[in-house]
Amino acid sequence: MKRGNPRDVARLARLVSGKAIALVLGGGGARGLAHLGVMKALLRRGIPIDAVGGTSQGAFMGAAWCLTQTIEGVEEKAKRMA
């Protein structure tokens with residue numbers, strides 16, 4: 001979170017107001033790529049991802065999102081893991 005970043009300020013406001021959007025991802029190697037598609041679809045529609053949880057491959061994809069905050073970053077981490 002960066003001070004003065006409008007995207008981060010909006011996320012903080014959603015978290016504090018109880019209106020945050022969480023994405024929970026399931027396990028399974030093949031689902032990992034499906035998770036990437038879900039993230040792309042949410043972002044394309046303007047739906048922010050404020051918090052992420054997951055198990056197994058879902059935890060990896062969620063962690064990649066949290067580290068990079070971009071689809072390109074998640075794709076790069078997934079390629080490096082493969």
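**Strand pairing, core and helix packing**

In this predicted model, strand E1 (residues 22-25) and strand E2 (residues 51-54) are paired in the parallel sense, with 4 bridges between them. Leu25 of this pairing has Gly54 in E2 as its bridge partner. Together with helix H2 (residues 29-44), the strands E1 and E2 form a β-α-β unit, and this unit is right-handed.

The largest nonpolar core comprises 11 residues: Leu23, Leu25, Leu36, Met39, Ile49, Met61, Ala64, Trp65, Ile71, Val74 and Ala78. Two or more residues of this core are contributed by each of E1, H2, helix H3 (57-68) and helix H4 (71-81). Leu25 thus appears both among the core residues and in the strand pairing, where Gly54 is its bridge partner. Within the core, Val74 was examined for its contacts beyond four places in sequence; the residues touched are Leu36, Met39, Met61, Ala64, Trp65 and Thr68. Of these contacts of Val74, Leu36, Met39, Met61, Ala64 and Trp65 are also members of the core.

Helix H4 has a buried and an exposed side. Its buried residues are Ile71, Gly73, Val74 and Ala78. Viewed down the axis of H4, these residues fall within an arc of 160°, and therefore they line one face of the helix. Ile71, Val74 and Ala78 also belong to the largest nonpolar core. The packing partners of the buried residues of H4 are H2 and H3. On the face of H4 turned away from the buried side, the exposed residues are Glu72, Lys79 and Arg80.

Positive phi values in residues other than glycine were found in two of the loops. Ser56, located in the loop between E2 and H3, has a phi near 55°, which is positive although the residue is not glycine. The relative accessible area of Ser56 is 57%, and the residue is therefore classed as exposed, the cut-off for which is over 50%. Gln69 lies in the loop between H3 and H4; its phi is near 60°, again a positive value in a residue other than glycine. With a relative accessible area of 25%, Gln69 is partly exposed, as this value lies between the limits of 20% for buried and 50% for exposed.

Technical notes. Residues numbered from 1 in each chain as written. Predicted model: local features only at pLDDT ≥ 70, side-chain atom pairs only at ≥ 80, totals over all residues. Heavy atoms only, no water. Pairing = 2+ DSSP bridges. Right-handed = clockwise from strand over helix to strand, strands pointing away. Core = buried A, V, L, I, M, F, W, Y, C linked by side-chain atoms within 4.5 Å. Buried < 20%, exposed > 50% of the residue type's maximum accessible area, 1.4 Å probe, protein only. Contact = heavy atoms within 4.5 Å. Arc of directions from axis to C-beta.
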